[in-house]
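Open the model in your viewer and keep the selection tool at hand. This tour goes from stop to stop, telling you what to select next and what you will find there.

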Amino acid sequence: MPPLGTPTLADAVGPHSLTAADQLLAGETVQRFVAEAGAATLVAANAVATASGPSTGPRVAELAGRVDAVDLSSPLGSTEAALAEAADLYLRDAVYFHHPGYMAHLNCPVAIPAVAAEALVTSVNSSLDTWDQSAGATLIERRLVEWTAGLIGFPGAGPAAVDGDRPGARAGTGAGTSPDGIFTSGGTQSNLQAMLIARNHAVAGRPGPLPSRLADLRIYASTESHFSIANAAAMLGLGKDAVVPVATDAAHRLDADALAARLAEGAAAGTRPMAIVATAGTTDFGAIDPLPGLRRLADRYGAWFHVDAAYGCGLLVSPGHRGLLDGIEHADSVTVDFHKSFFQPIGSSALLLRDGGLFGHVTHYADYLNPAAQAGTVPNQVDKSLQTTRRFDALKLWVTLRSMGADAIGAMFDELIDLATAAGDSVRRHPDLELAAEVQLSTVVFRYVPRHAKLDSARLDALQDAIRAELYASGRAMVAATTVRGATATASAAAGTEAAAGHGARHLKLTLLNPRTTLADVEQVLAAVVRHGERLLATGVPHQPVPSQPVPSQPTPGEPAASEPARAEGGAR
Ligand SMILES: Cc1ncc(COP(=O)(O)O)c(C=O)c1O
């Protein structure tokens with residue numbers, strides 16, 4: 001990569017002599033591209049290298065003032081200046097998922113081969129809608145889909161045929177049998193498309209206009225399924241109320257007996273089960289619903305069986321824990337988020353169908369793009385996608401697999417499960433911390449419950465949010481918070497507290513997706529949680545839940561900030 005300062009076209013002719021077209025990437029401008037893309041990489045690398053915490057804990061008003069002050073009608077005249085401004089407005093206070101103190105949401109550090117591949121993706125800018133805009137990119141995506149279908153264990157997973165070669169592909173009749181899939185922007189879109197196909201499959205052949213055919217359809221999903229399922233129901237004209245919430249067991253897995261009861265009630269009421277949605281790795285507890293039993297219920301009631309493995313998909317390549325996904329091969333559709341547990345940059349997700357012919361339910365042939373006459377002769381991915389123009393996100397995963405291999409990804413996910421298990425043990429051993437449930441994947445849900453203070457549930461709830469806000473404002477660590485409803489596996493559940501009674505109790509959550517995070521890092525965060533909790537108790541716990549906007553940073557009295565969970569080697573910023 002040429003160092004910053006390599007002569008560019010602008011240097012040669014002067015920035016003001018550049019025509020607008022000289023700003024575009026072309027054969028004549030590659031020298032400038034190399035210099036500026038290299039410069040951007042250096043700026044990003046510097047930000048990553050010097051991040052001394054996962055965040056500086058910025059406040060919205062402060063950042064908004066600086067962003068709003070930029071006059072977008074007065075360009076700075078050079079990419080170097082624009083990057084320097086972006087570094088100040090964005091990178092300085094960005095949230096860094098690679099930092100070991102980041103333990104908040106389902107975000108992972110990204111594999112270097114994948115980041116490097118982004119340069120190819122955005123530079124060439126292929127669009128995956130049609131073969132004539134993508135060529136080999138389409139074939140690479142299709143190989144990855146086929147590979148993922150094989151990992152899932154779908155019967156007949158093998159080299160993808162051109163769509164129309166598959167019986168039933170055009171008509172969406174379901175007569176085709178080989179699996180297929182499509183890359184999407186994320187789990188939300190994958191779940192939406194799964195529900196769309198399940199809906200159209202359920203009403204195919206029914207008489208009458210579409211809205212009249214939807215009224216009796218129901219989707220069965222656990223109370224802990226991702227909200228994108230309910231949103232999908234709303235977008236698909238079913239309404240959120242069409243999702244029947246099914247209770248979970250003490251491990252936060254969908255309770256198959258409760259589902260059987262809800263399905264029987266639905267049948268008695270004359271409703272029709274459109275889909276049963278299992279989650280393989282719930283957002284909070286990483287719980288994996290009992291997949292084989294749910295398939296049997298889906299068969300008994302003639303329902304589509306979707307598995308949302310957005311989070312748990314890393315298990316597909318896990319050497320130690322693949323068995324947790326047993327039964328996924330019987331799904332009708334599966335959501336996988338490579339940008340959660342395959343260490344891929346956002347976005348990288350896919351929807352896989354056991355019977356690829358059913359993608360015909362979303363196929364639209366446009367004369368200008370993918371004319372029907374081409375079907376079966378040209379691999380146009382738009383035939384299976386909700387998007388038209390679409391990024392070549394598959395290349396990141398391809399380059400990752402070709403560079404480091406799937407086993408390395410699976411091994412990292414296994415390490416995270418071990419780390420989370422050990423972190424759960426640390427929580428359990430601490431007299432002032434309470435574990436909400438056994439650790440299942442790589443999240444740890446717990447709360448600070450001081451032994452020596454008697455707090456009512458509202459103040460305990462407020463305390464958790466206040467601790468989280470203080471940690472954020474400190475810039476040293478980031479954890480998430482959530483509300484735990486229903487039974488918990490803790491002593492407080494046994495004692496019949498509100499959480500157990502179903503009112504919900506605020507908890508803190510560590511989401512561990514960084515294999516560089518050590519148990520010592522986690523224990524420092526736990527110590528900081530307790531320290532902030534003690535300080536808040538001493539100075540006054542808020543009576544109301546604190547708003548999500550963090551409070552200003554307040555160092556713990558008597559404790560130097562450096563004792564908080566920042567790594568010495570984290571950098572100097
Ligand atoms: C279980 C589950 N499904 C779906 C999603 C949505 O995925 P995305 O954020 O990629 O749209 C999430 C996000 O956290 C999730 O946890």
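**First stop: a buried histidine**

Select His 252, which counts as buried because it has 29 C-beta neighbours inside 10 Å; a residue is called buried if 20 or more other C-beta atoms lie within 10 Å of its own, exposed if 12 or fewer, and partly exposed in between, with the C-beta atoms placed from the backbone. His 252 lies in the loop between strand 4 and helix 10 (256-268), where helices (H or I, at least four residues) and strands (E, at least two) are DSSP runs numbered from the N terminus. Although His 252 is not a glycine, its phi is positive, at about 70°.

Before moving on, note that residues are numbered from 1 along each chain as its sequence is written. This is a predicted model, in which local features need pLDDT of at least 70 and side-chain atom pairs count only at pLDDT 80 or more, while totals for chains, interfaces and linings use all residues.

**The whole chain**

Zoom out to show the protein, which has 18 helices and 12 strands, and in which buried residues make up 46% of the 573 residues. Of the contacts with a separation of 6 or more, 75% are between residues 24 or more positions apart, a contact being two residues whose C-beta atoms, placed from the backbone, lie within 7 Å.

**Strand 6 and its partners**

Next, select residues 304-309, which form strand 6; six of its six residues are buried, so the strand is largely enclosed by the rest of the structure. Trp 304, His 306 and Asp 308 point one way from strand 6, whereas Phe 305, Val 307 and Ala 309 point the other way.

Which strands run parallel to strand 6? Add residues 272-279, strand 5, which is joined to strand 6 by five bridges and runs parallel to it, and then residues 333-337, strand 7, which is parallel to strand 6 and joined to it by four bridges; strands are said to pair if DSSP finds at least two bridges between them. To check the register, find Val 277 opposite His 306 in strand 6, and Val 336 in strand 7 as the bridge partner of Ala 309.

Now add helix 11 (residues 291-301), which together with strand 5 and strand 6 makes a right-handed β-α-β unit; right-handed here says that, with the strands pointing away from the viewer, the path from the first strand over the helix to the second runs clockwise.

**Around the ligand**

Select the ligand and the 14 residues that surround it, the closest of which are Gly 186, Gly 187, Thr 188, His 226 and Ala 310; a residue is near a molecule if its C-beta atom, placed from the backbone, lies within 6 Å of it. Helix 7 (residues 187-203) gives the most to this shell, with three residues.

**Helix 9**

Select residues 227-235, helix 9, where Ser 228, Ile 229, Ala 230, Ala 232 and Ala 233 are buried. These buried residues pack against helix 7, strand 3 (217-222), strand 4 (243-246) and strand 5. Just after helix 9, look for Gly 237, which takes a positive phi of about 85°.

**Last stop: two loops**

Is Asn 125 buried or exposed? Asn 125 is exposed, because it has 12 other C-beta atoms within 10 Å, and its place is in the loop between helix 5 (112-124) and helix 6 (136-152). Finally, select Ile 346 and Gly 347, which are joined by a cis peptide bond with an omega of about -10°; Gly 347 lies in the loop between helix 12 (338-341) and strand 8 (349-353).
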